[in-house]
Every structure is written in C-alpha cells, then in structure tokens.
Amino acid sequence: MIPQIHKQGSHTLGLLYYLYGKGTHEEHVDPHLVASFDGMSPDPGRDTTATKKDLGQLLDQPLHLLAADQRPDKHVWHCSVRAAPDDPILTDEQWADIARRIVAATGIDPRDGAGCRWAAVRHADDHIHIVATLVREDGRRPDHHRSGKRAQAEARLIEKELGLRQVAPGDGTAAQRPTSAERHKAERQGRERTAREELRETVRRAVTGARSDEEFFDRLAAAGLLIRKRAAPSGDLLGYKVALPDDLNKDGEPVFYPGARLAPDLSLPRIRERWSGDTGTDPTPRQEEAVRTGPGTPAAARRRTASAAWQAVLVVEHGDDAVAAAHIAAAGEVLDALAKTSAAHTRRELRDAATAFERASRSHVRAVRGHDRALRQAARDLIHGGPALGRGEDGATTAMAIDMLFFLITAAAHWHARKGHAQQAEAAAQAAEHLRTAYQPAAAQPLGVLCQRGRRLSRPVLQRQTVLLREALPRLAEQILAELGWYALAATIAEAEAAGHDPAALLSDAVERRELDTAGSISDVLVWRLRRTADLPADVSALSENGTAGGRPATRRAATRPSVPGRRRSGEETPGTSR
C-alpha cells in the first residue's frame with residue numbers, strides 16, 4: 001500500500017471536480033465518498049441533491065475563522081493511497097478505515113484534539129484520494145510535518161493487519177511510478193507497459209556502455225525515440241526530453257518526458273557521471289581469447305563479463321561504500337546489455353532481471369564513478385559483440401556469465417540489506433531469482449555434454465579426481481560428490497590438468513574468495529569458475545573424444561582446445577593422470 005502526499009494547492013473545488021470527474025482519459029469509475037471528517041458530508045457522486053460546491057464549501061469553512069490576509073495561499077492537502085496490484089479489492093468500509101487512520105497518523109485529523117476537515121473519494125478499485133483543508137476547526141494550522149513518512153509508517157501497519165502485500169519503505173530514490181491516467185491510456189492503446197516505463201527502459205539501455213553525449217543520443221534516435229535537447233545560451237547542452245512517436249496528447253502532439261522524470265539517475269548530468277571515468281579506449285583482449293573466439297564476438301564479450309563480475313563481487317563485499325555503489329550501478333548496465341544481446345530462450349528472464357535490478361542500482365550512497373570501468377566496459381563489449389546464439393560457445397558463455405552475475409547481484413542484495421536499503425535489497429533478490437531461472441536453459445546443454453564426458457572417464461581417473469577434490473576442498477567435497485554436476489566438474493578438472501594447470505590451486509582459488517552458500521549446485525559453479533580461470537572452452541560439444549577440434553590436435557600455446565581424458569587404451573597411460 002503506497003500513500004503519496006501531493007503538492008499543496010489553493011483550489012479545493014478544482015480538485016473535487018477532478019476527483020468526481022471522468023478523469024483525463026475517462027478512467028474514473030463511480031466516484032463517491034467513502035469517509036469524511038464528520039461522517040455526514042454531502043456526496044455529489046451518489047447523492048443527486050448534493051453538489052461539488054456544497055462539499056467544497058463545507059471543507060473550506062474553517063478558512064473563514066481567519067482574517068483574509070491570514071489565510072494560507074496553499075491550503076489544500078491532497079493524499080492518494082494506492083493498493084499493490086496483487087492485493088485483493090478492498091471494500092468501501094475498509095478504505096474508509098484506511099482514510100481515517102492516514103489522516104490521524106499524518107496530523108491532519110488526530111484522534112486527540114482539533115483536526116482539519118477532510119473527505120476521502122474513491123473512483124477506482126485500487127485507490128482513494130483524501131482532500132483536506134489545512135486549517136483546523138479552532139482556526140490553527142495542523143502539525144503535519146513529515147506527513148509523508150508518517151503516512152508510510154501507518155501504511156506498513158495497515159498492510160500487516162489486512163494481510164496485504166508488505167511494501168518495503170521507500171527512501172526517495174525510486175523512479176516515478178506511472179499515474180493511473182498513464183496506465184489507463186496504455187490499456188486503451190493495447191500496450192503492456194505505459195509510455196513512461198517503455199521510455200525508461202529504452203533510455204536505460206541507450207546509456208549502457210555509452211561514452212559520450214553523441215553516442216547516447218545516437219542510440220536514442222536509433223531506437224526510434226523523439227528527442228528534444230535543452231541548451232544554455234552559450235550552446236552547452238543542459239538536458240533532454242524523449243517521447244514515443246505514437247504516444248500523443250489530446251492535441252495530437254507527442255508527450256515528452258525529461259530524463260529526470262523517468263528515473264533520478266537518467267538526468268543528463270547523472271548520465272554524464274557514468275562515462276566521466278572512462279578512458280575512451282577498449283582494453284586489448286587476452287591473446288588466447290582472441291585466438292579462440294575473436295575479440296569482438298558475443299562469446300568473448302561474455303567471458304570478459306564473467307571476469308569483470310568475478311572481480312566486482314570482492315569490491316561490493318569489501319570495498320568502500322561509494323565504490324561499491326558504483327559497481328552495483330554498473331552491474332545494472334551489464335544486465336541490460338546481456339538481456340539485449342542474448343538468445344530468445346533466456347532473453348525474457350534476463351530482461352526481467354534487468355528491470356527488477358533497476359531499483360537496486362540507486363540509493364542514497366552516491367556512487368563514485370570510474371572505479372566501475374571494467375563492468376561498464378563489459379557492458380559495452382556485450383553491445384558491440386552483437387546478438388549471441390543460444391548454442392555452442394555463445395550459449396555456454398552466456399551460462400558462464402549468468403552464473404557469475406548471479407553472485408554479483410546476490411552480493412549487491414547483501415550490501416543493500418546491511419545498509420538498511422529495504423527496497424533495493426528486495427529488488428536485487430528478485431533479480432537474482434530471475435537470473436537463476438535464466439541460467440537453467442542456458443546451462444543445460446553445455447553441462448549435459450560435460451557430464452557425459454565425465455561419466456566416460458576411466459575409473460582410475462575418477463578416483464584421482466575424487467581424492468584431489470577431498471584434499472583441496474575437504475569441507476565441500478562430499479556435498480559436491482553427491483551432486484549430479486560432479487561428473488561435469490570431473491571432466492573440467494581433467495581438461496585443466498591436461499592443459500598444464502594445477503587443478504588443486506584452481507579449486508582452492510575458486511572457493512577461497514567467493515561465497516557458495518547461495519549456489520543451487522556447487523559443482524556447476526566450480527565448473528564455470530575453473531573453465532574461465534583456466535581459459536577452457538565453455539562448450540565442448542564440438543570436441544572429439546580425444547580432445548581435438550575438427551580432427552586436429554588442440555594447441556597448448558593458444559589454449560584453444562585442451563585435450564579431454566578419455567578411456568584408457570591397452571598399453572597406454574590415460575592423458576592427464578600424472579601430476
């Protein structure tokens with residue numbers, strides 16, 4: 001339940017005409033009074049003998065207790081109270097009780113002492129409007145200081161008592177919600193989301209990995225948005241507005257939204273902070289990665305994303321607050337980029353993860369940008385790498401990136417929880433669940449192939465891997481051995497050993513610095529961490545049984561296709577069994 005205190009006004013009758021009218025888009029249905037200060041106020045909605053003027057004059061009578069020059073110019077107090085979308089429809093009696101509790105909690109009409117005159121109007125199933133005159137019956141002004149926070153606190157109590165969805169308390173950093181008029185307009189136009197929400201997502205994606213005003217506005221134009229720029233007399237750009245071409249007002253003109261009205265961090269000055277620390281040059285990819293996948297491919301971008309996420313977890317867990325906040329904000333850009341460029345079978349969940357995490361990307365801890373350069377570069381790489389296939393190295397590295405991002409987003413949820421950022425912590429947790437869901441279809445094929453390879457390892461090799469696991473990870477070994485993914489991990493360990501790596505060191509490093517308590521499968525997590533660290537191919541389905549690609553031996557120097565131990569042949573030592 002969300003109470004919202006609107007700006008104070010000076011015309012009671014004007015507000016009543018709106019509340020009892022059809023609405024800007026005829027969205028008001030059966031406007032009527034559910035409660036008032038005396039319980040007997042005229043209701044112009046259902047009483048044919050009552051008028052809006054009658055109700056307005058009744059509410060404004062206390063103004064006449066004051067001399068004309070003492071009456072406040074802004075004497076109209078207006079509060080809307082909205083139920084959550086998944087809450088049940090409340091009765092008029094329930095809304096009446098809610099209205100009485102809100103005006104009492106805010107100081108408009110306290111239960112002990114003189115109060116203001118007020119009325120609560122309902123013209124939709126999910127919300128009411130409370131209008132009050134800010135002069136008490138004794139001619140004094142009410143004590144309604146911090147009425148917004150007081151209303152929020154009372155709403156939390158109401159939610160618990162009525163069994164409604166419990167909304168986390170806000171902190172003023174959330175994006176502005178669509179108005180009821182915007183929602184009804186979207187319904188009439190057959191849109192799933194309002195214009196404000198579509199614009200917010202489009203602008204957010206345009207910012208992802210951008211490095212300049214020019215690049216940002218070019219992306220907005222390419223997305224089909226209408227753009228208006230605001231410049232100073234000197235010509236310096238100060239701000240911008242955007243609109244959907246087909247979102248028109250009653251005069252047939254596009255409805256423009258300033259960036260700051262879409263989200264607090266989408267104003268032009270806040271956007272510019274993101275690329276203020278960028279160097280303007282792309283880091284050169286590792287030579288081995290360039291040999292295998294090419295520096296500009298979707299698979300290469302996903303590997304770099306996994307590496308950047310891996311390092312960012314440490315920063316969020318142990319870094320300074322301002323630096324951690326920057327990494328959390330940049331993680332939102334990575335999610336947007338991954339959602340935009342991933343295959344269809346993961347795109348919806350990744351998009352939902354990015355949308356949910358948008359709320360977690362902002363808090364009152366001001367981010368110091370520049371330290372988040374690696375994550376922003378990862379987002380840029382994803383965009384420039386282009387769309388990824390849902391199979392092969394593209395699909396497998398998508399699973400690798402999702403796996404690493406899951407732990408980064410979980411770390412962000414823990415960070416927000418420690419800071420008392422309830423809404424942000426909840427949003428990050430929701431994003432993590434979407435990532436968990438997206439991971440399953442992305443990882444099924446590559447892990448399935450690895451499991452088959454692991455099962456085909458000879459018994460001596462599996463025994464060696466078991467001993468190695470117990471020595472390297474004594475606390476986790478038995479749990480890992482009981483998981484279905486153990487065989488995929490065994491195959492990965494064998495590949496890493498054949499490529500010249502110390503598997504014990506790889507395993508220790510994989511668990512030493514990162515928590516695993518939230519992992520659904522520890523063996524899955526270790527597979528991706530080892531394959532990334534050892535620079536092993538994420539997808540092995542194209543490899544032959546003896547570890548060759550296309551019938552040719554793998555090249556150790558480039559680490560492109562390390563050999564995979566197979567069955568032991570007569571008189572031949574199994575590859576990778578010596579340490």
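Glu433 is partly exposed, with a relative accessible area of 43%. Its salt-bridge partner is Arg436, and the closest N and O atoms of the two are 3.5 Å apart. Arg436 is partly exposed too, at 29%. Both residues sit in helix H16 (residues 422–455), and because they are three residues apart there, about one helical turn separates them. This fits a general pattern: an α-helix has 3.6 residues a turn, so residues three or four places apart point the same way. Keep in mind while looking around that this is a predicted model.

That pair is one example from a longer list, since the count of salt bridges comes to 38. Here are three of them side by side.

| Salt bridge | Closest N and O atoms |
|---|---|
| Glu182 and Arg196 | 2.8 Å |
| Arg303 and Asp535 | 3.8 Å |
| Glu433 and Arg436 | 3.5 Å |

What does the Glu182 and Arg196 pair tie together? Glu182 belongs to helix H5 (residues 180–188) and Arg196 to helix H6 (residues 195–207), so the bridge joins parts that are 14 residues apart in sequence. Glu182 has a relative accessible area of 14%, and Arg196 has 3%. Buried means under 20%, so Glu182 counts as buried, and so does Arg196.

The bridge between Arg303 and Asp535 links distant parts of the chain, with the two positions 232 residues apart. Arg303 is in helix H11 (residues 298–318), while Asp535 is in the segment after helix H21 (522–533). Both of these residues are buried.

Some charged residues go beyond simple pairs. Asp265, Arg274, Glu333, Glu358, Arg362, Arg369, Asp372 and Arg376 are linked in a network of salt bridges.

Now for the nonpolar side of things. The largest nonpolar core has 94 residues, and Phe357 and Trp528 touch the most other members. Which helix gives the most to this core? That's H15 (residues 392–419), with 14 residues. Trp528 has contacts with Ala396, Ala399, Met400, Asp403, Met404, Tyr439, Ala443, Pro446, Leu447 and Ala538, leaving aside residues up to four places away in sequence. There is also another core lying apart from the largest one; it has 26 residues, including Ala99, Trp118, Ala132 and Leu164.

H15 deserves a second look. Is it mostly covered or mostly open? Mostly covered: 23 of its 28 residues are buried. Its length adds up as well: at 1.5 Å a residue, the 28 residues should span 40 Å, and the end C-alpha atoms are 41 Å apart, which agrees. Just after the helix comes Gly420, which takes a positive phi of about 80 degrees.

What about cysteines? A search of the whole structure turns up zero disulfides. Cys116 counts as buried at 2% relative accessibility, and Cys451 counts as buried at 18%.

Finally, step back to the whole chain. It has 21 helices and eight strands, and buried residues make up 54% of its 579 residues. Among contacts between residues at least 6 apart in sequence, 72% join residues at least 24 apart. The chain exposes about 26200 Å², with carbon and sulfur atoms supplying 49% of that area.

Definitions and conventions. Residues are numbered from 1 along each chain as its sequence is written. This is a predicted model: local features need pLDDT of at least 70, side-chain atom pairs count only at pLDDT 80 or more; totals for chains, interfaces and linings use all residues. Side-chain values use heavy atoms; hydrogens and water are left out. A nonpolar core is a set of buried Ala, Val, Leu, Ile, Met, Phe, Trp, Tyr and Cys residues joined through side-chain atoms within 4.5 Å. Buried means under 20% relative accessible area, exposed over 50%, partly exposed in between (1.4 Å probe, protein chains only). Helices (H or I, at least four residues) and strands (E, at least two) are DSSP runs, numbered from the N terminus. Contact means heavy atoms within 4.5 Å. The expected span of a helix is 1.5 Å times one less than its number of residues. A disulfide is a pair of cysteine sulfur atoms within 2.5 Å. Accessible areas come from the Shrake-Rupley method with a 1.4 Å probe; for residues, only the protein chains shown count as cover. A salt bridge is a side-chain nitrogen of Lys or Arg within 4 Å of a carboxyl oxygen of Asp or Glu.
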